[in-house]
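These are my notebook entries on a structure that I opened for the reader who has not met it before. I set down what I looked up, entry by entry.

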Amino acid sequence: MRSRKFLKAEQAPLAWDAPGLLAGVDEAGRGPLAGPVVAAAVILDDERPIRGLADSKTLTALQRERLHDQIMAKALCCSIAQASVEEIDTHNILHATMLAMRRAVEGLRLKPAKVLVDGNRLPQLDVLAEAIVKGDARVKAISAASILAKVHRDRLCEQLHQEFPHYGFAGHKGYGTPEHLEALLQHGACVHHRRSFSPVAAALARMTPTVPVVQVESTLTAVAVQTQVVAIELRPAP
């Protein structure tokens, strides 16, 4: 009889991995209601270690900014890419995320022998790749990529705030906080909102003009009314 240990699938490095450069890849911005999804790819330099690398979600904004500058200065090469709001609405957020990751890897100045991607899915790449669940906390190169992606996207949100200050992008970074949802109800969606996301679609539906009255045989009035219940998930800002 086979043991339980034999039946349990475990993730382990492949014995036939080719030697060479290792790139870490991560993304930022899958959950927000606005703005692009951003991905980064990083090849660290073993001769220039960076202390304090960790999952970007566990770091303060000041720590991320400090580490961002060190990564840009010390890594062998870095690449940051994104998929636009239009691509998110057209292809869905998962496929747009994979697209941003592929662009980040392809943008590296040096070609890695292997790519380690945070999560359980892989973009289409022309190099050996492995998905690592919670890789942003386990692999330094992925941690570095998560920091670059997060800082880059936060800076984009600061720019969106300058363009549309009434939405509060600088604070919530596009996430579906109560303040953001209230702004959507008051002002509708701007060009940077993801219209395929239900809270944005709900806000747009509420802004739709009332269906006009149609006269039938000059005496009867027919009015088309449609009610839609949309579930909105309230999320705290990161």
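**Notebook: two loop residues and a helix pair**

I began with lysine 134, which I located in the loop between strand 5 (128-132) and helix 5 (135-138). I note that the model is a predicted one. Phi of lysine 134 is near 60°, a positive value in a residue other than glycine. I then looked up its surroundings: is lysine 134 buried or exposed? Lysine 134 has a relative accessible area of 60% and is exposed, because the cut-off for that word is over 50%.

I turned next to asparagine 92, which sits in the loop between helix 3 (85-91) and helix 4 (93-106). Asparagine 92 is not a glycine, yet I found a positive phi of about 85° for it. With a relative accessible area of 38%, asparagine 92 is partly exposed.

My last entries concern a pair of helices. I recorded that two packed helices are described by the angle between their axes and the distance between the axes. For helix 2 (residues 61-74) and helix 6 (residues 140-163), I found that the axes come within 9 Å and cross at roughly 115°. I entered this crossing of helix 2 and helix 6 as left-handed.

I also asked which residues of helix 2 and helix 6 meet. From helix 2 I listed Arg64, Glu65, Leu67, His68, Asp69, Ile71 and Met72. Their counterparts in helix 6 are Ala144, Ile147, Leu148, Lys150, Val151, Asp154 and Arg155. Sorted by class, the contact of helix 2 with helix 6 holds 7 nonpolar, 1 polar and 6 charged residues.

How values were computed
Residues numbered from 1 in each chain as written. Predicted model: local features only at pLDDT ≥ 70, side-chain atom pairs only at ≥ 80, totals over all residues. Heavy atoms only, no water. Axes fitted to C-alpha atoms, helices over the stretch in contact; angles between N-to-C directions. Helix = DSSP H or I, 4+ residues; strand = E, 2+ residues; numbered from the N terminus. Left-handed = near helix turned anticlockwise from the far one by under 90°. Contact = heavy atoms within 4.5 Å. Nonpolar A, V, L, I, M, F, W, Y, C, P; charged D, E, K, R; others polar. Buried < 20%, exposed > 50% of the residue type's maximum accessible area, 1.4 Å probe, protein only.
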